[in-house]
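I opened my notebook to look up how the pieces of this chain fit together. Here is what I worked from.

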Amino acid sequence: ALRAAVVSKVQNNNPRSLNYVQPQASYKVAVLGAGGGIGQPLALLVKMSPLVSDLHLYDIANVKGVAADLSHCNTPSRVLDFTGASELANCLKGVDVVVIPAGVPRKPGMTRDDLFNINASIVKNLVEAIADNCPDAFIHIISNPVNSTVPIAAEVLKQKGVYDPKKLFGVTTLDVVRANTFVAEKKNLRLIDVDVPVIGGHAGITILPLLSKTKPSVTFTDEEVEKLTVRIQNAGTEVVEAKAGAGSATLSMAYAAARFVESSLRALDGDTDVYECSFVQSNLTELPFFASRIKIGKNGVEALIPSDLQGLTEYEQKGLEALKEELEASIQKGVDFVQKQP
Ligand code: NAI
C-alpha cells in the first residue's frame with residue numbers, strides 16, 4: 001500500500017505518503033540541453049514542481065526564448081537561461097540536481113551506440129563542469145548510450161577527485177514507464193497501480209523487464225512474456241520509426257525524467273520512502289554498473305534492492321545472462337573513452 005501511495009504521489013504529485021508533509025520550494029535544478037526535444041518539455045514539467053525554487057536552463061543553442069516563455073508560469077521557481085560554454089559554470093553553481101539530456105538522438109536504423117562518438121564528448125565536457133562547480137549535486141544522465149555515458153561520467157568525476165557513486169544516476173525511468181503502460185493495457189489493470197521493475201541497462205536486450213515481479217501480482221502466458229519483453233525493449237525504436245527521422249522519444253522521456261527529478265527532490269526533502277529504477281554503480285551482479293530498483297535518500301542511492309534479482313523465472317534468468325556481455329562491453333567502452341584520452 002505504501003509503495004502504491006508513493007507511485008501515486010509521484011504520478012499525481014499528490015503528497016499522500018505517511019512520513020512526508022508539506023513540500024518546500026527550495027531546490028535548484030539545472031537542465032543541460034534545455035533547448036532540445038526532451039529539454040523543453042522536461043523544463044516545463046520541472047517548472048510545475050512545488051519543490052523547485054530555481055530552474056536553470058543551459059544549451060549551446062539559444063534558450064532565452066524557452067526561459068522567457070516558462071518564466072510566465074505562475075509556479076514557485078525562478079527560471080534563468082544560460083547559453084554557451086562561457087555561461088555553464090554560472091548555470092551550475094549551487095545546483096542540487098543536474099539533468100543532462102544534451103546530445104543527438106537516434107534516427108531510423110540507428111542503435112543507441114551509434115550516438116557514442118558525438119554524445120560521449122558532450123557528456124564528458126558537461127560532467128567536467130559539474131565536477132568543478134557543483135560536485136555534490138545529483139547527476140541524472142539521459143544522453144545515450146546511457147550504458148556508456150554513465151561510466152564516462154564516473155571516470156570524469158574520479159579524475160577530478162569528486163566521484164560519489166551514490167549521486168550518479170542513469171535515467172532508465174522511461175523503460176519502467178513503458179513497461180507499466182504496456183502491462184496495464186495488456187492486463188486491463190488500473191495504470192496507477194502497476195509497477196514493473198526493469199533491470200540491466202538502457203539499450204536493446206540489456207533492458208530487462210521483470211514481469212514476474214509486477215505489482216499487483218499478475219500472471220502471464222509464456223507468449224505474453226515474450227511479446228511484452230520484446231515490445232518494452234524496442235519501444236524506443238517504435239518511436240524513432242514513427243517520427244521517421246525527426247528524432248526519438250521526447251515527450252514520454254520528459255515525463256519520465258520529470259518523475260525521476262521529483263523523486264530525487266522528495267528524497268532530498270526528507271521523504272524516506274522513495275524508490276525508482278536507475279542505472280547506477282552496483283554490486284548486485286559482477287558488472288560495475290547495473291540498473292535495478294534503488295532506494296533514494298538525502299545522500300543519493302541509499303540502497304540497491306537485491307530481492308528483485310532473486311527468484312527470477314527461467315526466461316528472466318536467461319535474459320539476465322544474455323545481457324551481461326553487451327552491457328559489460330558498453331561500460332568498458334565508456335571507461336576506455338576517458339582513460340585512453342591523450
Ligand atoms: P535534441 O537534438 O532534440 O536536443 C538535444 C539538445 O542538446 C539540443 O538543444 C542541442 O543544442 C543540445 N546540445 C548539444 N550539445 C550540447 C552541449 N555540448 N551542451 C549543451 N547542450 C547541447 O535531442 P533529444 O531528442 O532531446 O535527445 C537528447 C538525448 O537524449 C539523446 O542522446 C537521446 O538519445 C537521449 N534519449 C535518452 C532516453 C533515455 O531513456 N535515457 C530516451 C530518449 C532519448
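Entry 1, a strand pair. I note at the outset that this is a predicted model. I started at Leu55, which stands opposite Val79 in β3. I then followed the chain from β2 through helix α3, residues 64–71, to β3. This β-α-β crossover is right-handed. Next I looked up the pairing itself. Strand β2 covers residues 52–59 and strand β3 covers residues 78–83. They pair in the parallel sense, over six bridges.

Entry 2, Leu57. What does Leu57 touch, leaving out residues up to four places away in sequence? I listed Val31, Ala34, Ala43, Val63, Val66, Ala67, Val79, Asp81 and Phe82.

Entry 3, the core. Leu57 came up again in the largest nonpolar core, which has 102 residues. Val29, Val31, Leu57, Val98, Ala153 and Ala257 touch the most other members. Helix α9 gives the most to this core, with ten residues.

Entry 4, helix α2. I checked residues 39–47 for burial. The buried residues of α2 are Gly39, Gln40, Leu42, Ala43, Val46 and Lys47. Why do they lie on the same side of α2? They cover an arc of only 165° around the axis, so they end up on the same side. I also looked for what covers them. The cover includes β1 (27–32), β2, α3, β3, β4 (97–100) and α9 (251–268).

Entry 5, the record. An unreviewed UniProt entry places "domain: Lactate/malate dehydrogenase N-terminal" at residues 28–170. I looked at that span in the model. Its end C-alpha atoms lie 20 Å apart. The span is 38% helix and 21% strand.

How values were computed. Residues are numbered from 1 along each chain as its sequence is written. This is a predicted model: local features need pLDDT of at least 70, side-chain atom pairs count only at pLDDT 80 or more; totals for chains, interfaces and linings use all residues. Two strands pair if DSSP finds at least two bridges between them. Helices (H or I, at least four residues) and strands (E, at least two) are DSSP runs, numbered from the N terminus. A crossover is right-handed if, with the strands pointing away from the viewer, the path from the first strand over the helix to the second runs clockwise. UniProt positions are given in the numbering used here, feature names are shortened, and annotations may be inferred rather than shown by experiment. A residue is buried if 20 or more other C-beta atoms lie within 10 Å of its own, exposed if 12 or fewer, and partly exposed in between; C-beta atoms are placed from the backbone. The arc is that of the directions from the helix axis to the C-beta atoms. Two residues are in contact if their C-beta atoms, placed from the backbone, lie within 7 Å. A nonpolar core is a set of buried Ala, Val, Leu, Ile, Met, Phe, Trp, Tyr and Cys residues joined through C-beta atoms within 7 Å.
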